[in-house]
Amino acid sequence: MKQIMFSFIIPVFNAELYIQNCVNSILNQKFNNLELILINDGSTDSSGHICDDYALNDRRIRVFHQENKGQGSARNLGLKHANGTYIIFVDSDDALAKNTLELNYQILEKDTSIECLQFPIFMKYGTEDAYIRKNIEKKYQLESNEFKKLILEDNVISWIVCDKIFKRDSVKSLKFREDIKFEDNFFMMEYVQNIKTFYSSDKGLYYYYFRADSTTTSKLSELKERSTLEVLYLILSFLNPKKECNTFYKFLIRLINVTKSLKVNFGLHYKNANFYSFRKHVNLGSVLKSGLPIKDIIKLILYRIYG
């Protein structure tokens with residue numbers, strides 16, 4: 001039996017308006033050695049039936065139905081059943097440009113050492129102007145701590161999983177958090193620490209649409225803020241406060257701001273041992289020399305003194 005090259009994992013929840021466009025964009029790829037794994041995550045509309053109809057007409061499609069457990073759970077189920085050499089995550093309301101697989105497979109075929117390839121992404125938010133996040137074609141060898149600079153400072157590596165092709169062997173030991181929002185951000189921060197080869201491709205295109213009810217655009221919630229804290233704690237835990245002090249301070253300020261938001265907006269005093277553990281790394285001298293805005297310098301000084 002021919003080895004499946006690409007496994008697409010698509011969580012589906014109440015996406016009856018978008019799922020056909022999403023699935024068709026994958027089935028219409030010029031490169032067709034692929035499988036689609038559709039995870040119906042407890043949809044209450046016709047999404048599940050649409051998925052089943054696709055599976056009846058195309059043997060490359062498999063559908064799994066589960067109670068609503070969230071996107072992280074759906075992606076984990078997809079990973080469990082994926083057979084492809086490479087994994088691609090797609091949101092059910094998004095789509096791929098027709099030549100995305102073909103062009104990027106040519107890169108992966110020539111260099112099998114690539115563990116993760118990131119391709120361009122088209123961003124569309126409501127009625128605002130759309131734009132394309134372009135990449136500079138380049139291969140990166142992630143020596144020691146280089147990943148920190150690429151994802152935290154230079155924004156070469158994005159925080160999401162949908163604009164990437166993952167070698168399946170490189171993700172088999174990881175799982176998405178199922179108890180938080182922004183689980184792909186947390187996943188990426190864990191993932192980049194464990195790979196050696198990252199490729200930035202300027203070929204293909206992922207159509208990423210911000211919907212009014214999506215995780216990104218939905219209104220502020222306690223869970224979203226607590227989930228942001230989880231990601232920030234992870235980032236701060238592997239930064240070197242002395243050698244990477246400006247980056248460390250940047251994310252520490254975000255931590256302070258989110259903690260304040262939980263108190264002001266939800267009445268929660270969300271200060272635990274993790275929150276206080278970074279105080280000892282705030283050096284007043286380096287803070288004053290950091291070039292940060294005055295308001296941020298004051299926040300760091302108050303945090304250092306009072307917590």
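In the predicted model, strands β1 and β4 are paired in the parallel sense over 4 bridges. Within this pairing, F8 stands opposite I88 of β4. Strand β4 covers residues 86-89, and its side chains alternate in direction: Y86 and I88 point one way, while I87 and F89 point the other way. All four of these residues are buried. On a further side of the pairing scheme, β4 is joined to β10 by 2 bridges, and these two strands run antiparallel. The bridge partner of I87 in β10 is F166. F166 also stands opposite C116, so that β10 residue appears in both pairings. Strand β6 (residues 116-118) is connected to β10 (residues 164-167) by 3 bridges, with the two strands running antiparallel.

These strands belong to an open sheet of 8 strands with mixed pairing, in the order β3-β2-β1-β4-β10-β6-β11-β9. The edges of the sheet are formed by β3 (61-66) and β9 (138-141), each of which pairs on one side only. Direction ignored, neighbouring strands of the sheet are turned against each other by 20 degrees on average.

Helix α9 spans residues 245-266 and contains 22 residues. The distance from its first C-alpha to its last is 31 Å, close to the 32 Å expected at 1.5 Å a residue. Just after α9, G267 adopts a positive phi of about 70 degrees. The loop between α9 and α10 (273-277) contains H269. This histidine, H269, counts as exposed because its relative accessibility is 63%, against a cut-off of 50%. H269 and T259 are separated by 10 residues in sequence, and their C-alpha atoms are 7.6 Å apart in space.

Positive phi values also occur in residues other than glycine. N14, which is not a glycine, has a phi of about 45 degrees and is located in the loop between β1 (6-12) and α1 (19-27). With a relative accessibility of 30%, N14 counts as partly exposed. In N155, phi is likewise positive, near 60 degrees. N155 lies in the loop between α5 and β10 and is partly exposed, with a relative accessible area of 45%.

The structure contains 13 salt bridges. One of them is formed by K148 and E244, whose closest N and O atoms are 3.5 Å apart. This pair links distant parts of the chain: K148 is in helix α5 (residues 146-153), whereas E244 is in the loop between α8 (222-238) and α9, 96 residues apart. Both K148 and E244 are buried.

A salt bridge is also formed between R177 and E230, with the closest N and O atoms 3.6 Å apart. R177 is in the loop between α6 (168-171) and α7 (183-191) and E230 is in helix α8, so the salt bridge ties together parts of the chain that are 53 residues apart in sequence. R177 has a relative accessible area of 22% and is partly exposed. E230, at 26% relative accessibility, also counts as partly exposed.

The side chains of K203 and D202 meet in another salt bridge, at 3.2 Å from N to O. K203 counts as partly exposed at 29% relative accessibility, and D202 is partly exposed with a relative accessible area of 41%. In addition, R75, D91 and E183 are joined into one network by salt bridges that share partners.

At the surface, I294, I298, L302, I305 and Y306 make a nonpolar patch of about 540 Å². One of these residues, L302, is found in helix α12, which comprises residues 294-306. Residues three or four places apart in an α-helix point the same way, because the helix has 3.6 residues a turn. L302 has a relative accessible area of 43% and is therefore classed as partly exposed, the class that lies between the cut-offs of 20% and 50%.

Key: Residues numbered from 1 in each chain as written. Predicted model: local features only at pLDDT ≥ 70, side-chain atom pairs only at ≥ 80, totals over all residues. Heavy atoms only, no water. Expected span 1.5 Å × (residues − 1). Patch = residues over 30% accessible without salt bridge, like charges linked within 9 Å, V, L, I, M, F, W, Y side chains within 5 Å. Areas by Shrake-Rupley, 256 points an atom, 1.4 Å probe, with all protein chains shown as cover. Salt bridge = Lys/Arg side-chain N within 4 Å of Asp/Glu carboxyl O. Buried < 20%, exposed > 50% of the residue type's maximum accessible area, 1.4 Å probe, protein only. Pairing = 2+ DSSP bridges. Axes fitted to C-alpha atoms, helices over the stretch in contact; angles between N-to-C directions.
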